[in-house]
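Thanks for coming, everyone. Let me put one chain on the screen and walk you through it.

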Amino acid sequence: MHVLGSTDGLGPVGHLGAYRARDGSPGEEVGVDLGGPHAALVVGKRGSGKSYTLGVLAEEAARTDGVAPILVDPMGAFDTLADAPDEVPARVVEPRVGADALDPRAWCSLLGLDPTGAVGALVWRVASETTTLAGMVDAVGEQDAPDAVRVAAENHLALARSWDVFDGATPDLAGPKATVLDCSGLPDAATNAVCLAVASRCYRGRLDGTVDRLPWLFVDEAHVAFEGVAASALRRLLTRGRAPGVSLVCATQRPSALPDVAVSQSDLVVMHRLTGRADLAAFRETRPTYVGDDFEARMPERPGDAMVVDDATEGVHAIRVRERLTPHGGASPRVDVATSDDEPGHEYGDDANADGTDPKG
Ligand SMILES: Nc1ncnc2c1ncn2[C@@H]1O[C@H](COP(=O)(O)OP(=O)(O)OP(=O)(O)O)[C@@H](O)[C@H]1O
């Protein structure tokens, strides 16, 4: 098997798929290094196979000793990872984080409050004095502040309480199974708080020795996380995560909405079909020198086909991602109408970009 992400091939390897010849026929099997930390990006337009590929990578990580995969699952698409426990050890848990996983600045940002304003300053103060959300609410009541400020702060904290995620501890990452944090039904802000808490737990846990296994954090719809409170914790994993052994795998249909560092720091980029001008530009500008000018001409056609840009081998590899071991839970519901002109297995939605603009201009 040819291994991407490593040149020595010594560590555990996850089966990613097979090389794809120009006529689409499969070639040699392709694996990905799971022995050391990586920053990986999975990109592609809607329906191109991003979530499927994220699932394949998570399955392989879950099957590897010494690795602690955690999935932040905004749509509940990865619950099925736990459906074949003999092959893929995984559990689905309700996302719960400690209120103290967020620092005072993050609390203000989460609630859309200016820390220099009266309400933001009050929330900042109680977040720095207490460790639970209930404690923060009680502390607001005890502060010497105008009633209107106290009521506004209480209302903001009540909103956070309604998400039902701050009533517990950040999940234990020491167990032998992959952990799927099902954030479906949560607003983006709450999912981002979960993502922040887990990213910090992975990083700090490795530094202080409380997390033995090497964490692999998988974030679907990563553009949402990079637009919210999780952004700084994810950036830290991208720039400093590899030293303590933390891997980050982000999937997005909008790479142009990620910070440049997300593309430039990724040593593995799995690119499914991508057509949006801004999204292609995001790669054109940061691509390594070994990615040739014909890159866009070699864009994959079918869902599940991908180009992998691999820093370790300094190469671009045309592959087809293998089939899932567990059911894929991410397909969008579609009206079941047989259209005779459709290419079999070709399941892209419309040809619009993620933001609804026309990719052709
Ligand atoms: N490697 C693969 N092998 C077989 N089928 C695949 C593969 N990858 C994707 N597919 C098919 O393509 C469909 C779309 O894939 P997927 O749900 O991963 O797309 P997506 O890019 O995540 O879309 P969205 O952005 O809408 O979530 C899947 O339901 C599956 O049927």
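I will go through the domains, then the core, then one strand, and end on a serine.

First, a caution: this is a predicted model.

Start with the domains. The domain assignment splits the chain into domain 1 and domain 2. Domain 1 comes in pieces: 2–97, 169–177, 185–211, 225–285 and 301–314. Domain 2 is a single stretch, 99–162. How far apart do the C-alpha centres of the two domains lie? The answer is 33 Å. At the contact, eight residues of domain 1 meet five residues of domain 2. What is the domain 1 side made of? Six of its residues are nonpolar, two are polar, and none is charged.

There is also an annotation to place on this. An unreviewed UniProt entry marks residues 41–113 as "domain: Helicase HerA central". In the model, that span is 27% helix and 19% strand. Its end C-alpha atoms sit 31 Å apart.

Now the core. The largest nonpolar core holds 108 residues. Helix 6, residues 188–208, is its top contributor, with ten residues. Domain 1 and domain 2 each supply at least three residues to this core. Which residues have the most contacts inside it? They are Val-194, Leu-196, Ala-199 and Leu-217. Take Ala-199. Leaving aside residues up to four places away in sequence, Ala-199 touches Leu-217, Ala-230, Ala-233, Leu-234 and Leu-237.

Next, strand 10, residues 268–271. Leu-268 and Val-270 point one way. Val-269 and Met-271 point the other way. Are these four buried or exposed? All are buried. Strand 10 has pairing to show you with two other strands. With strand 4, residues 39–43, it runs parallel, joined by four bridges. There, Val-269 is the bridge partner of Leu-41. With strand 11, residues 305–310, the pairing is antiparallel, again over four bridges. Here Met-271 stands opposite Met-307.

Last stop, Ser-128. This residue belongs to helix 3, residues 118–129. Why does Ser-128 count as partly exposed? Because 14 other C-beta atoms lie within 10 Å. Residues are called buried at 20 or more such neighbours and exposed at 12 or fewer, so a count in between is partly exposed. One distance to finish: Ser-128 and Asp-294 are 166 residues apart along the chain, and their C-alpha atoms are separated by 53 Å.

That's my tour. Over to you.

Methods: Residues numbered from 1 in each chain as written. Predicted model: local features only at pLDDT ≥ 70, side-chain atom pairs only at ≥ 80, totals over all residues. UniProt positions renumbered as here; feature names shortened; annotations may be inferred. Pairing = 2+ DSSP bridges. Core = buried A, V, L, I, M, F, W, Y, C linked by C-beta atoms within 7 Å. Domains from an automatic or database assignment. Contact = placed C-beta atoms within 7 Å. Nonpolar A, V, L, I, M, F, W, Y, C, P; charged D, E, K, R; others polar.
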